[in-house]
Amino acid sequence: MASRQSALAGIQAYLESGDFLDELSRMVAFETESQEPGKRAELRRYLDEVIAPVLERLGFACRLLANPADAGFPFLFAERIEAAAFETVLLYGHGDVIRAQTEQWREGLHPFRLAVEGDKAYGRGTADNKGQHCINIAALRAVLAERGALGFNCKIIIEMGEEIGSPGIDRLFAENKALFRADVLIASDGPRLHPELPTLVMGSRGSINFDLRVELRDGAHHSGNWGGLLKDPAIILAHAIASIIDRRGQIQIPEWRPTSSLTPSVREALQGCPVGGFEGPQIDLDWGEESLTPAERVFGWNAFAVLAQTSGVPSAPVNAISGWANAHCQLRYVVGTDSGDILPALRRYLDTHGFSEVAILPAKRSFFTATRLDPSHPWVKRVAASVAETTGKKPALLPNAGGSIPNESFAGTLGLPTVWIPHSYPGCSQHAPDEHLLLSSAREALAMMTGLFWDLGAKHTD
């Protein structure tokens, strides 16, 4: 008789036999760098030669969907419909990777050749995102092998442009809502809070980038002859930035300070989400909103950052007062912030505080919108219960990630509750040389997803 325990045993055998590493190795070998125009053919090859054959063997009907924004970044859509009355789960992953940075990898490693050292499997895409959707597909296979059916309908969308902002995905969903109709999105991307702590994420902070620029005159002028007579744009800009955020990193613009983000259910969920204490920089406890815990600051509040700042020629300074200064800035924001008023509020604030000379230049590329599913939502409770049963651990519940993902296309355009189950960890070197996946986390993730898919179909099969 088919059983949950047998399915879990099957997925562990898949890992221990080396089949997981073999499958991941084949995925990693495709040089799917979406930022490189010369790699466009690789993007389609990955879908045609890797993903589609695997899913077709599992009884999924697969087809490529043209990207309505840029044909060079195709989508693969797959579906397995077992019964009209069953629930439908939409799964998501992306097969493109960030630039390889081949010359910067440690000796003996190559971005497109899987290498295992101890608990770490190295290779571009192992953590982001090939390893993560490899795990989820393997879990579907384990359930089908044991039970012969899922017990729910499953749709899968794999995109090939996530690393350049997911061009076309929102328009694809808007134009094909019936095709993507489902009851929930379950997806895996990004890191857990800690390597050993299963984590559920229900949304993401939004992100908006912009330049602050002071441009007073053409050219630079001798600081001895003109110092004390000409306004210094770098100093004006420094004071403007200092007015936006105080000495301990607290935002001063009223409209940028959320009023409805930290609800009781969000605060309760974040009590079980400690941050820091593992690989990475030491947290500065005296930075950020003083009244909040570190978890509340990164998951329940807004954060302003200056990503780059220049005036004159930093690499070759001269004794002259520059005519201009520029800072590239970013606001990461949570649900409860009026995204349409972020830059207008900044303009009003700067004008009120005497910085009318500071221009605000929105970034050319649009970024993600803030989304969140309440931690008390039935789908969250359902997934969390399954994860806890499999792992024996209470998962961390993040109302939203600190970073940004294209979740608004699922939550907003498709109107789905969204539950993300990341399989990586913060120290994975995502987007950097020596990217890797922890095999210990992969082992738990394979069991966790197999148990979840088993539980989702239990009503109609057990």
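Tutor: Two strands pair if DSSP finds at least two bridges between them. Helices (H or I, at least four residues) and strands (E, at least two) are DSSP runs, numbered from the N terminus.

Student: What kind of model is this, and how are residues numbered?

Tutor: The model is predicted: local features need pLDDT of at least 70, side-chain atom pairs count only at pLDDT 80 or more, and totals for chains, interfaces and linings use all residues. Numbering starts from 1 along each chain as its sequence is written, and side-chain values use heavy atoms, with hydrogens and water left out.

Student: Okay, sheets. What is the strand order in the open sheet of three strands?

Tutor: The order is 4-5-17, and the pairing is antiparallel.

Student: Which strands sit at the edges?

Tutor: Strand 4 (115-117) and strand 17 (436-438) do, since each pairs on one side only. On average, neighbouring strands are turned by 25° against each other, direction ignored. Such angles come from axes, lines fitted to C-alpha atoms (for helices over the stretch in contact), and run from 0 to 180 degrees between N-to-C directions.

Student: How many bridges join strand 5 to strand 17?

Tutor: Three, with strand 5 covering residues 120-122. Lys120 faces Leu438 of strand 17 across that pairing.

Student: Which helix lies across those strands?

Tutor: Helix 13 lies across strand 4, strand 5 and strand 17, at about 60° to strand 17.

Student: New topic. How many residues are in the largest nonpolar core?

Tutor: There are 66, and Phe20 and Ile186 have the most contacts inside it. Helix 13 (residues 439-461) gives the largest share, ten residues. A nonpolar core is a set of buried Ala, Val, Leu, Ile, Met, Phe, Trp, Tyr and Cys residues joined through side-chain atoms within 4.5 Å. Buried means under 20% relative accessible area, exposed over 50%, and partly exposed in between (1.4 Å probe, protein chains only).

Student: What does Phe20 touch?

Tutor: Beyond four places away in sequence, its contacts (heavy atoms within 4.5 Å) include Tyr14, Cys134, Leu437 and Leu446. There is another core apart from the largest one, with 33 residues, among them Cys273 and Leu414.

Student: How many disulfides are there?

Tutor: Zero. A disulfide is a pair of cysteine sulfur atoms within 2.5 Å.

Student: Why is Cys273 not bonded to Cys428?

Tutor: Because the sulfur of Cys428, the closest cysteine sulfur, is 18 Å away, too far for a bond. Cys273 counts as buried, because its relative accessibility is 1%.

Student: And Cys134, is that buried or exposed?

Tutor: Buried, with a relative accessible area of 1%. Its nearest cysteine sulfur, in Cys154, is 15 Å away.

Student: Where is Thr413?

Tutor: Thr413 is in helix 12 (residues 407-413). Thr413 is buried, at 17% relative accessible area. Its side chain makes a polar contact of 2.4 Å with that of Asp170. A polar contact is a pair of N or O atoms within 3.5 Å; within protein, one must be able to donate a hydrogen and the other to accept it, and residues adjacent in sequence count only if both atoms are side-chain atoms.

Student: Last one. How many residues of strand 2 are buried?

Tutor: Five of its six, residues 75-80 being the strand. Strand 2 pairs antiparallel with strand 1 (residues 61-65) over five bridges, and Leu65 stands opposite Phe75. Strand 2 also runs antiparallel to strand 6 (residues 153-159), joined by six bridges. There, Leu76 stands opposite Ile158.
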